[in-house]
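Colleague: I'd like to go through this model with you and ask how each label was earned. Can you show me the structure?

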Amino acid sequence: MIFRQFLDFTSHTLTYLLGDGQAGEAVLIDPVGSHVATYRQVLDELGLRLVQAVDTHTHADHITALGPLREQTGCTTVMGVRSGASCVSRRVREGDRISFGDLSLQVLETPGHTPESLSLVLETPWRAVFTGDVLLIRGSGRTDFQNGDAGESWDSVTGKLFSLDGGTVVYPGHDYKGWSCSTIDEERRCNPRFAGRTRADYIALMGALNLPRPELMDVAVPANLGCGLTAG
Ligand code: FE
């Protein structure tokens with residue numbers, strides 16, 4: 001399997017390219033609009049055709065590349081069944097598979113950061129989970145806007161993600177400290193939002209974060225509901 005992680009320095013978004021080199025097919029997870037040329041260059045250089053581009057959720061801090069990628073490569077654009085985006089060509093639900101060549105990602109619906117948030121599980125060639133913003137390394141995505149729900153976030157993380165095999169590598173949708181990955185076991189033991197806490201503790205903690213509004217929220221959310229095409 002071909003695997004690349006890209007960092008957007010502005011929003012600290014982590015984007016993932018997964019490819020089956022034999023079949024020449026690839027998927028992108030959470031691609032950022034300003035990096036379309038980079039993704040296309042890497043796809044070309046590695047001899048891969050982009051078959052699907054997935055947003056784990058409607059992003060508030062960057063404009064998605066889904067629309068431009070669909071226009072330029074003819075890929076299928078994918079989001080969760082609860083997404084309100086108008087231009088998504090495929091809506092996936094729990095248990096669906098997103099395939100590229102002989103490999104695939106399995107969809108877990110993990111609401112909490114937003115209602116439509118997905119996590120994507122890779123079983124081979126190694127166990128990994130792409131968590132979007134629901135579970136971050138030693139953190140979790142905020143639940144105070146875009147219909148976020150701290151109770152749902154707790155249930156998604158502790159009920160679904162923490163029940164994956166402990167060795168599963170965690171690849172989050174953001175990291176602000178430059179950490180590139182973790183594991184489920186590590187997050188169960190060391191994530192301060194969850195370790196040793198109750199659901200009620202977590203809801204109280206998330207309700208008291210008092211985070212500023214994302215700078216791009218009023219631009220990015222409407223743009224992303226049109227897959228990044230309305231922002232020009
Ligand atoms: Fe987010």
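Colleague: What spacing do the donors of the iron ion follow along the chain?

Modeller: They follow H-x55-H-x19-D. Bear in mind that this is a predicted model.

Colleague: What makes H57, H113 and D133 donors of the iron ion?

Modeller: Distance. The cut-off here is 2.8 Å from the metal for N, O and S atoms. NE2 of H57, NE2 of H113 and OD of D133 lie 2.0 to 2.3 Å from the iron ion, so they pass as donors.

Colleague: Why do you say that H57 and H113 tie together parts of the chain?

Modeller: H57 is in the loop between β4 (49–54) and α2 (66–73), while H113 is in the loop between β8 (103–109) and β9, so parts 56 residues apart in sequence are tied together.

Colleague: And why does H57 count as buried?

Modeller: Buried means under 20% relative accessible area. H57 has 1% relative accessibility, so it counts as buried. H113 has 5%, so it counts as buried too.

Colleague: What about Q146, buried or exposed?

Modeller: Buried: the limit is under 20%, and Q146 has a relative accessible area of 19%. Its place is the loop between β12 (139–140) and α3 (150–160). Leaving aside residues up to four places away in sequence, Q146 touches T58, A60, H113, T114, P115, M217 and V221. A polar atom of the Q146 side chain also lies 3.3 Å from the backbone oxygen of T58.

Colleague: On to the rings. Why is the pair of F3 and W126 called edge-to-face?

Modeller: A pair of aromatic rings is described by the distance of the centres and the angle of the planes. Ring centres have to lie within 6.5 Å, and planes over 60 degrees apart count as edge-to-face. For F3 and W126 the centres are 5.6 Å apart and the planes are at 80°, so this pair is edge-to-face. F3 lies in strand β1 (residues 2–8) and W126 in the loop between β9 (118–122) and β10 (128–130), so the pair ties together parts 123 residues apart in sequence.

Colleague: Why is W126 called partly exposed?

Modeller: Partly exposed is the range between the 20% and 50% limits, and W126 has a relative accessible area of 28%.

Colleague: What kind of aromatic pair do F6 and Y39 form?

Modeller: Edge-to-face, with 5.4 Å centre to centre and 70° between the planes. F6 is in strand β1 and Y39 in helix α1 (residues 36–45), 33 residues apart. F6 and Y39 are buried.

Colleague: Which residues do ring pairs link into a cluster?

Modeller: F3, Y16, W126, F130 and Y171. The whole structure holds twelve aromatic pairs.

Colleague: Last topic, the open sheet. What makes β7 and β14 edge strands?

Modeller: Each of them pairs on one side only. The order of the six strands is β7-β8-β9-β10-β13-β14, with mixed pairing.

Colleague: How do you know that β7 and β8 pair?

Modeller: Pairing takes at least two bridges. β7 and β8 have four, in the antiparallel sense, so they qualify. S99 has S104 in β8 as its bridge partner. At the other edge, two bridges join β13 to β14, so that pair meets the limit as well.

Notes
Residues numbered from 1 in each chain as written. Heavy atoms only, no water. Phe/Tyr/Trp six-rings, centres within 6.5 Å; stacked < 30°, edge-to-face > 60°. Buried < 20%, exposed > 50% of the residue type's maximum accessible area, 1.4 Å probe, protein only. Donors = N, O, S within 2.8 Å, 3.2 Å for Na, K, Ca; no water. Polar contact = N/O pair within 3.5 Å; in protein donor to acceptor, adjacent residues only side chain to side chain. Contact = heavy atoms within 4.5 Å.
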